[in-house]
Amino acid sequence: MKKRSIFLMAATATLYFNNAYAQETPQDSIKTSSIDQIVITGNSGPKKKIESSTAISTFTAKEIQKQNPISAAALLQRVPGFAVETSGGEVGNNLFARGIPSAGAYEFVQVQEDGLPVFEDGALQFANADNFFRVDNSVSRLEALRGGSGSIYATNSPGGLINFITKEGSNDFKGTAKLETSTYGLMRTDLNVGGALVQDKLFFNVGGFYRTDNGIRKTGFRANNGGQIRMNLKYVFDKGYAKVYYKKLDDRNTFFLPIPLTQNGNDLKEFPGFDPNYGTYSYRTISQLNIPQAGGGFFSRNLEDGIHPKVDVLGAEFKYDLGNNFSVLNKTRYTNINMNYTGIFPAGGPQTGAGFANANGITGNNYQYSLVGSGAVVNPAFVQELGFWAIDKQMNNFVNDLQFNYKFDKGNVTAGFYKSNWKSHQYWNWSNILTTATDKPQLLNLVDTSLTPNSTGYSKTYNGVTDMSFLLRDSQVQGSLNDLYANLDYNVTDNLSINAGLRYSRDFYKGYSVNTTTANLNNSGLTTDGTHSFATTTADDNMSVLGNKYNYWSYDIDKVSYTLATNYKINKENAVYARFSHGFRSPNEEAYYNYFTTPNPDQPLKPVLTNQVEVGYKYYSRTFDVAVIPFYSTLKNLSFTDVFSNGTSENTFANTKNYGVELEGYARLFNNILELTFNGTIQNPKYSGLEEGSLLEGNVVRRMPKLYFNISPAVNITKQWRTYVSYNYYGKRFQDQLNVQTLPSFSEFGAGMSYQLGKIRFAVDGTNIFNTIGITEGDPRAGSPTGDGTIMARPIMGAAVRASIALDF
């Protein structure tokens, strides 16, 4: 891979120097000028970007195509204020908005398609919002709002709104087709077509993709396999329009978790036998699990299924002009999701063979390891216990947003009612397995040689499994949201405007959990190998069995969110604004489970409350875009809900405060030959009032960098040739609220080039071309970290190159 990376950079440099003095004006630059851009997210209606009193970033379909993000999270890295971890793979990634800490996922922002949520709660356990959404050529544009009016136009979104807007047909039939391959076995095809069935009246658009690849990290199987299709039909009449649409997603993705590394301060190196850029514990040789259950039958799982959501979405949108400056807009959607989630989660770090054996009750050197596959006796230097976690979720969401708008000479008033019913039922079955502490791991058996094969406790494993189904969970959460909202836009003068918004949330949550008991297979009549009973192994000693007792609970939310802002347009190109907003986030799924299954909880269950102040300066012209947005935010009642490798979960509460500044810029220079895009965030997120004690007061919020930015220069060498380099910097962080384990800063470089031949575009894109070892998180499931030495952490992917051909027609 290093040779390929060097070749890519050399080719890019050669192309630049050979053509550096070309004077042609490029036909197709990377970014559309913001001076006339219209935004709709977080606003009562379409509004010029410079006139919107919000911090909002926009990306057109052409800009998304040229960035060619490997995942939705990779695209969102280009948004200031969003600290994004992309190391999980294509899906299952984490996004933190403006220094708000969480257990991960998209907990304080809402991911939307066409103004409605992908799923109402984007941070359910093992159900990150990006599991149910893919970026393809059917996306027309992205609008990413931070803070501001997010809490007025959506639930649980004080951190912002991420709105992917899909393409619609027009009178002209047109489309895009794309083929893509890579150095990691990628084969992907995208297609989008749209046009008119009846000129000026009836329009259609159909798009989607199918993709298969082996993964940048070497899994030994197809790491990603599947696709999605989206279609819509829109009828336009004199006073409005009606639209219906459907989406089908059926995709399998491998989820990558922490691996062992060696850390010495800010220096990271590979752990012996483990490639930090391409290695993973999620490998073919340990992919099958088949174990008997204490309640009868067998539980089987295949790691190659990975995160496998099957998503069906049916929606409609209707707008009508009622006359006398009144209009009505109604959006409705039903989403059904069945997801099987299978992943390998480390249970601690590597241990020496002797150390693990001794910790499991084998004295001295009376231990023997053997390979499960061949039975060969081995003496591994290090072994690793891994969690084989299987989760099944059945989810559905019906949402309707009814909105009335009244326009008057000086502005408009919007009022609406938002109704959402959602349900998530989940079943967990977790086991632990024992392997070599290497990439391409091998399953291990462990026995006590001081005993005979007929002795009780002779074996510590069953076909490599150390803890058979040690955790079962059957639980359900339902939400019923009933929200009224209103928004006022008032133009005091042609240049000065005021915005005020209010949302009243009367939301009801309920659910249940099933109790469990402990059992074993000693008296089941089953054998471990056709001869010996389960009394000879300890692997079944703490099996979990679902009981017959249901613990029912309910919880109500009665909260008001509000915002007040003003925007002053200095002239056509300059504007300043200021905004205050107050919002909240309901307790998350694990917080409900913890609180209502704990006999005597020591903390009340409360929503997370947020206050944010932001001011901003915007300058938009044909050649320059600049946005500088200082902000200050506070949070109260923030709960941490990491699930540990032993099945317990954290139950910690805190308050936080943060101040910082978001920067975003774009420039076209030297007659549009050079383009430069930049986004960055400087912040200082701190804890206050952590329940563990005053010693933590003022500690840096975990997993949150104080500085992160992306800069991407591009050279339009000729009208056809374009080349770019991207530089992504992610600052130092701490894995834990104790600030014990440092996550060093890292820099990631990408590079690529494209050639436009008429309507055909050829492109090559390289990511992490210098094979940087950059870790985005430690191991949040391990409990208290230890700092230097052998650590468990999740690095970004190694160097990879993709090549594509796209046709516009």
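Two strands count as paired here when DSSP finds at least two bridges between them. With that in hand, welcome to a quick tour of this predicted model. We will look at an annotated domain, two open sheets, a buried glutamate and two residues with an uncommon backbone angle.

**The annotated domain**
- The UniProt record, an unreviewed entry, places the feature "domain: TonB-dependent receptor plug" at residues 49–160.
- In the model, the C-alpha atoms at the two ends of residues 49–160 lie 16 Å apart.
- Strand makes up 30% of this span and helix 14%.

**A five-stranded open sheet**
- Strand order in this sheet is β3-β10-β11-β6-β7, and the pairing is mixed.
- The edges are held by β3 (55–60) and β7 (116–117); each has a single partner strand, so one side of each is left without a neighbour in the sheet.
- Inside the sheet, β6 (residues 109–113) and β11 (residues 160–166) run parallel and are joined by five bridges.
- If you would like a residue pair to find on screen, try Glu113, which stands opposite Phe164 in β11.

**A three-stranded open sheet**
- Here the order is β25-β24-β28, with antiparallel pairing.
- Both edge strands, β25 (377–378) and β28 (444–448), pair on one side only.
- Five bridges link β24 (residues 367–371) with β28 in the antiparallel sense.
- A handy landmark is Leu371, which stands opposite Leu444 in β28.
- As background for both sheets, strands pair through backbone hydrogen bonds, either parallel or antiparallel.

**A buried glutamate**
- Glu675 sits in strand β36 (residues 674–683).
- Although buried, Glu675 has no salt bridge.
- Arg722 is the nearest side chain of opposite charge, at 4.2 Å; a salt bridge calls for a side-chain nitrogen of Lys or Arg within 4 Å of a carboxyl oxygen, so this pair does not count as one.
- The side chain of Glu675 does make a polar contact, at 2.8 Å, with the side chain of Asn716.

**Two positive phi angles**
- Most residues other than glycine have a negative phi, which makes the next two worth a look.
- Asp200 has a positive phi, near 70°, and is not a glycine; Asp200 belongs to the loop between β13 (187–198) and β14 (202–213).
- Asn637, also not a glycine, has a positive phi of about 70°; its place is in strand β34 (residues 624–640).

Technical notes:
Residues numbered from 1 in each chain as written. Predicted model: local features only at pLDDT ≥ 70, side-chain atom pairs only at ≥ 80, totals over all residues. Heavy atoms only, no water. UniProt positions renumbered as here; feature names shortened; annotations may be inferred. Helix = DSSP H or I, 4+ residues; strand = E, 2+ residues; numbered from the N terminus. Buried < 20%, exposed > 50% of the residue type's maximum accessible area, 1.4 Å probe, protein only. Lys, Arg positive; Asp, Glu negative; His and termini not counted. Polar contact = N/O pair within 3.5 Å; in protein donor to acceptor, adjacent residues only side chain to side chain.
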